[in-house]
Amino acid sequence: MSGAARLGLASTVLTFLGGVWLFVAPFIVDYQDRWETLSGATLNDMWSGAILVALSFLTLLAVVSLALRDAVRHRGHE
């Protein structure tokens, strides 16, 4: 794996972790204490986190599938 690919993979993993943090932060930091009424800030954090997690997961899935495709092609040329 090239250096640029590793850097891209690392940034995607960090984006995934940032999205997870955004999603759970209102409850860990304790500015949202009940599930009955979610504040606007909590909903914003949860939607932003969910979108980041989904996009970074799809990116990771694409990277893994392309890496597997390249490995199969490389294995076939030996």
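Biologist: In which helix is Ser56 found?

Modeller: Ser56 is found in helix H2; helices here are DSSP runs of H or I with at least four residues, strands are E runs of at least two, and numbering starts at the N terminus. Mind you, this is a predicted model, where local features need pLDDT of at least 70 and side-chain atom pairs need 80 or more, while totals for chains, interfaces and linings use all residues. Residues are numbered from 1 along each chain as its sequence is written, and side-chain values use heavy atoms, with hydrogens and water left out.

Biologist: Why is Ser56 called buried?

Modeller: The cut-offs are under 20% relative accessible area for buried, over 50% for exposed, and partly exposed in between, with a 1.4 Å probe and protein chains only. Ser56 has a relative accessible area of 3%, so it counts as buried.

Biologist: And what does Ser56 touch?

Modeller: Setting aside residues up to four places away in sequence, Ser56 touches Thr12, Thr15 and Phe16. A contact means heavy atoms within 4.5 Å.

Biologist: What lies 2.8 Å from a polar atom of the Ser56 side chain?

Modeller: That's the backbone oxygen of Leu52. For a polar contact you need a pair of N or O atoms within 3.5 Å; within protein, one must be able to donate a hydrogen and the other to accept it, and residues adjacent in sequence count only if both atoms are side-chain atoms. As for the spacing along the helix, an α-helix has 3.6 residues a turn, so residues three or four places apart point the same way.

Biologist: What makes Gly49 buried?

Modeller: Gly49, also in helix H2, has a relative accessible area of 0%, so it is buried. Leaving aside neighbours within four places in sequence, Gly49 is in contact with Gly19, Leu22 and Phe23. The C-alpha atoms of Gly49 and Leu22 are separated by 4.8 Å, although the two are 27 residues apart along the chain.

Biologist: Why does Thr42 count as buried?

Modeller: Thr42 is another residue of helix H2, and its relative accessible area is 0%, so buried is the right word. Its contacts beyond four places in sequence are Pro26, Phe27, Tyr31 and Gln32. The Thr42 side chain also makes a polar contact with the side chain of Ser39, at 3.0 Å.

Biologist: What do the buried residues of H2 pack against?

Modeller: They pack against H1, and the set is Thr42, Asp45, Met46, Gly49 and Ser56. From the other side, the buried residues of H1 are Thr12, Gly19, Ala25 and Pro26, and what covers them includes helix H2 (40-76).

Biologist: How do you know how the span of H1 compares with what is expected?

Modeller: The expected span is 1.5 Å times one less than the number of residues. H1 (residues 3-28) has 26 residues and reaches 35 Å from its first C-alpha to its last, close to the 38 Å expected. H2 has 37 residues and reaches 54 Å, close to the 54 Å expected.

Biologist: Where in H1 does the kink lie?

Modeller: At Leu22, shortly before the proline Pro26, and it is about 35°. The bend at a residue is the angle between axes fitted to the seven residues ending there and the seven starting there. Just after H1, Asp30 takes a positive phi of about 75°.

Biologist: What makes the meeting of Asp70 and Arg69 a salt bridge?

Modeller: The rule asks for a side-chain nitrogen of Lys or Arg within 4 Å of a carboxyl oxygen of Asp or Glu. The side chains of Asp70 and Arg69 meet at 3.2 Å, N to O, which satisfies that rule. By this rule the count comes to one salt bridge.

Biologist: Why is Arg69 called partly exposed?

Modeller: Arg69, in helix H2, has 39% relative accessibility, so partly exposed is the class. Asp70 is partly exposed too, with a relative accessible area of 39%.

Biologist: How do you know whether the protein is spread out or compact?

Modeller: The secondary structure comes to two helices and zero strands. The radius of gyration is 18 Å, well over the 12 Å that the globule rule gives for 78 residues, so the protein is more spread out than a compact globule. That radius is taken over C-alpha atoms, and the globule rule is 2.2 Å times the number of residues to the power 0.38. The C-alpha atoms fill a box of roughly 60 × 20 × 15 Å along the principal axes, and of the 78 residues, 13% count as buried.
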